[in-house]
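Trainee: Could you take me through one part of this model up close? I'd like to hear about the stretch towards the end of the chain, and then how the rest fits around that.

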Amino acid sequence: MALFIYQYFYHHKQWYLLLVALGITFQTIAIVLFANRDVLPPLLSLRINNFLLISCFALTAFGLLSYDGTIRKKLLRLFIVSVFLFYSAILFVEENFTILSVIRITSCSFFFGIGAFYLYTNKNKYKFSILLSAVLLLYSVFQLVRAIHIYQIGQSYVFLQNSTFNNWFLIVSVLVISAISIGFIMLLKEIDQKTILAKNVIIEQDKRKLQALNQTQNKLFSIIAHDLRSPFINILGLSDLLLDNVKDTDNPESEKYTDLINSTAKNTLNLLDNLLNWAKSQTGELGFNPEKITLSEVIDEIIGLKRSQAKAKNIALQHSPTTDIELFTDKNILATILRNLIANAIKFTDYGGQIEVVATTHGQQVEICVIDNGVGMTDETIRKIFDLSANVTSRGTANENGSGLGLVLCKEFVEKLDGHLWVESEIGKGSNFKFTLPLHIPEPERIDSTLTGAQDATESVALAFSSYSQGQEQSSKSLR
């Protein structure tokens, strides 16, 4: 009884365990009542005793055959009717102790025999269910033989009398109850093991599906990288040549539309770069290659790329380094951060505005600021701009579109360089995007490990990105 209750509360919270425990409890109470029949009233010691004894056989058998959790309603009704039929028969012959004992023993054989049948014929064949059914069947046959023997003995048979026959019965009963208890617990463990194996199969199937989806995703990135980015590079090269030729003419409309084509292509290419950089970051394919760089050279290089975009809005883009700051970091990742921050400043600065890039050192860190006198932001907007799920996108002062990915990418890249990014802004007074980086990273493997989290990503994205530079060189050669 304690074993089944323990199993219920600490291993398997299943109703049939409590049913078996209740059956054993009824049997224990019935034996105690019968043993004290001389000091207890007849109604309590005999009639209640008989009812509990028959009920315990039914409860135990029904709990054992319900190990799969199925409530067999027809069989349950049969057991309930049988309990009352057996008990009614006992009431008719309660003066004849021999026949009374035969009926009780026959009821035990009946319920355990049905339990053995259902355990053996269950569609889910378990090793311990067959073993348990064999034990129940043998005990059922043993009880039938015992009932016949008691009937032959007649009125001289007394239950719990110290005799060889009764002693053997008690020994066999203890062994059977122990075997049933242990066998049933082992059956539950066997079910758990098969359930775990089945779940492992499902997990393995899901893993294969996810791998297939990853491969499809990587192919998509490859298509975006090769089949979309390369044509945009060609468009940019052609629009640059066209813009240079149009400037030599006296047609301002042509220059205006050509410049629009050029800026649109640059913005779209920047969006593609951000998307692909984000994809590489999320799939663990973004490598970390630290090197010693001069910060002012990197900043001037990015400003040179963005100067035409700023000139289109007559924005003064300035960088006046006071000292040459050297640091050990990944140049490409740093360039991506600066490119996005400066592009964002140009986007939200009015015509004739001003943007300044300032770098200063503080101990072992460098602080880089991208300061503009643009439209500024509210506190609520500042809380959302670095959250991709917030999907904050606003049009620029020249009605420029945005994806909302650039600043999110900047924040993630700064953190991967072991830095920190934040913004100070006020409506109508502009914004100041600041980020800090360590001057020297003594253990580049530490950051590299954070960039390679997705171990199951394939090499298609990395190969696609390696084709960017090749496509870029081929486009430049064809333009020249």
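Mentor: Sure, I'll begin with the hairpin and the helix before it, then move on to salt bridges, cores and a surface patch. Keep in mind that this is a predicted model.

The hairpin is made of strand 6 and strand 7, with three residues between them. In that turn sits Gly 428, which has a positive phi of about 80°. The two strands run antiparallel, and seven bridges join strand 6 (residues 420-426) to strand 7 (residues 430-438). If you want one pair to put your cursor on, take Val 423, which stands opposite Phe 433 in strand 7.

Now look at the two sides of strand 6. In a regular strand the side chains alternate between the two faces of the sheet. Here the covered face holds Leu 421, Val 423 and Ser 425. The uncovered one carries His 420, Trp 422, Glu 424 and Glu 426.

Helix 12 (residues 406-416) is where you'll find Lys 411. Leaving out residues up to four places away in sequence, Lys 411 touches Phe 386 and Leu 421, and Leu 421 is on the covered face of strand 6. Trp 422, on the uncovered face, is 11 residues along the chain from Lys 411, with 8.2 Å between their C-alpha atoms. Lys 411 has a relative accessible area of 24%, so it counts as partly exposed.

Helix 12 also has a salt bridge of its own: the side chains of Glu 412 and Lys 416 meet at 3.4 Å, N to O. These two are four residues apart in the helix, so about one helical turn separates them. Both Glu 412 and Lys 416 are buried.

That pair belongs to a wider set, as a search of the whole structure finds eight salt bridges. Another one joins Lys 292 to Glu 326, where the closest N and O atoms are 3.4 Å apart. Because Lys 292 lies in strand 1 (residues 290-294) and Glu 326 in strand 3 (residues 326-330), this bridge ties together parts that are 34 residues apart in sequence. Lys 292 is exposed, at 62% relative accessible area, while Glu 326 is partly exposed, at 44%.

You'll see something along those lines with Glu 301 and Lys 331, whose side chains meet in a salt bridge of 3.9 Å, N to O. Glu 301 is in helix 9 (residues 295-311) and Lys 331 in helix 10, so to speak two distant parts of the chain, 30 residues apart. Glu 301 is partly exposed, with a relative accessible area of 44%, and Lys 331 is partly exposed too, at 31%.

Stay on helix 10 (residues 331-347) for a moment and find Arg 339. With a relative accessible area of 18%, Arg 339 is buried, because the cut-off for that is under 20%. Setting aside neighbours within four places in sequence, Arg 339 is in contact with Asn 270, Asn 277, Ile 302 and Lys 306.

What about the nonpolar interior? The largest nonpolar core has 47 residues, and those with the most contacts inside it are Phe 4, Phe 79, Phe 111, Phe 184 and Leu 187. Two or more residues each come from helix 2 (15-35), helix 3 (42-65), helix 4, helix 5 (97-121), helix 6 (127-153) and helix 7 (164-247). Helix 3 gives the largest share, 11 residues. For a feel of the packing, select Phe 111: beyond its neighbours within four places in sequence, its contacts include Ile 54, Phe 57, Ala 58, Phe 79 and Phe 86. A second, separate core has 42 residues, among them Ile 303, Ile 368, Met 377 and Leu 409.

On the surface there is a nonpolar patch formed by Phe 51, Ile 71, Leu 76, Ile 80 and Phe 84, with about 430 Å² of accessible area together. Helix 4 (residues 73-92) supplies its largest share, three residues. Ile 80 is in helix 4 and is partly exposed, at 43% relative accessibility.

Last stop is Pro 231, which is in helix 7. Pro 231 is partly exposed, at 35% relative accessibility. Leu 269 is 38 residues away from Pro 231 in sequence, yet the two are 9.8 Å apart in space, C-alpha to C-alpha.

How values were computed:
Residues numbered from 1 in each chain as written. Predicted model: local features only at pLDDT ≥ 70, side-chain atom pairs only at ≥ 80, totals over all residues. Heavy atoms only, no water. Buried < 20%, exposed > 50% of the residue type's maximum accessible area, 1.4 Å probe, protein only. Contact = heavy atoms within 4.5 Å. Patch = residues over 30% accessible without salt bridge, like charges linked within 9 Å, V, L, I, M, F, W, Y side chains within 5 Å. Areas by Shrake-Rupley, 256 points an atom, 1.4 Å probe, with all protein chains shown as cover. Salt bridge = Lys/Arg side-chain N within 4 Å of Asp/Glu carboxyl O. Core = buried A, V, L, I, M, F, W, Y, C linked by side-chain atoms within 4.5 Å. Pairing = 2+ DSSP bridges.
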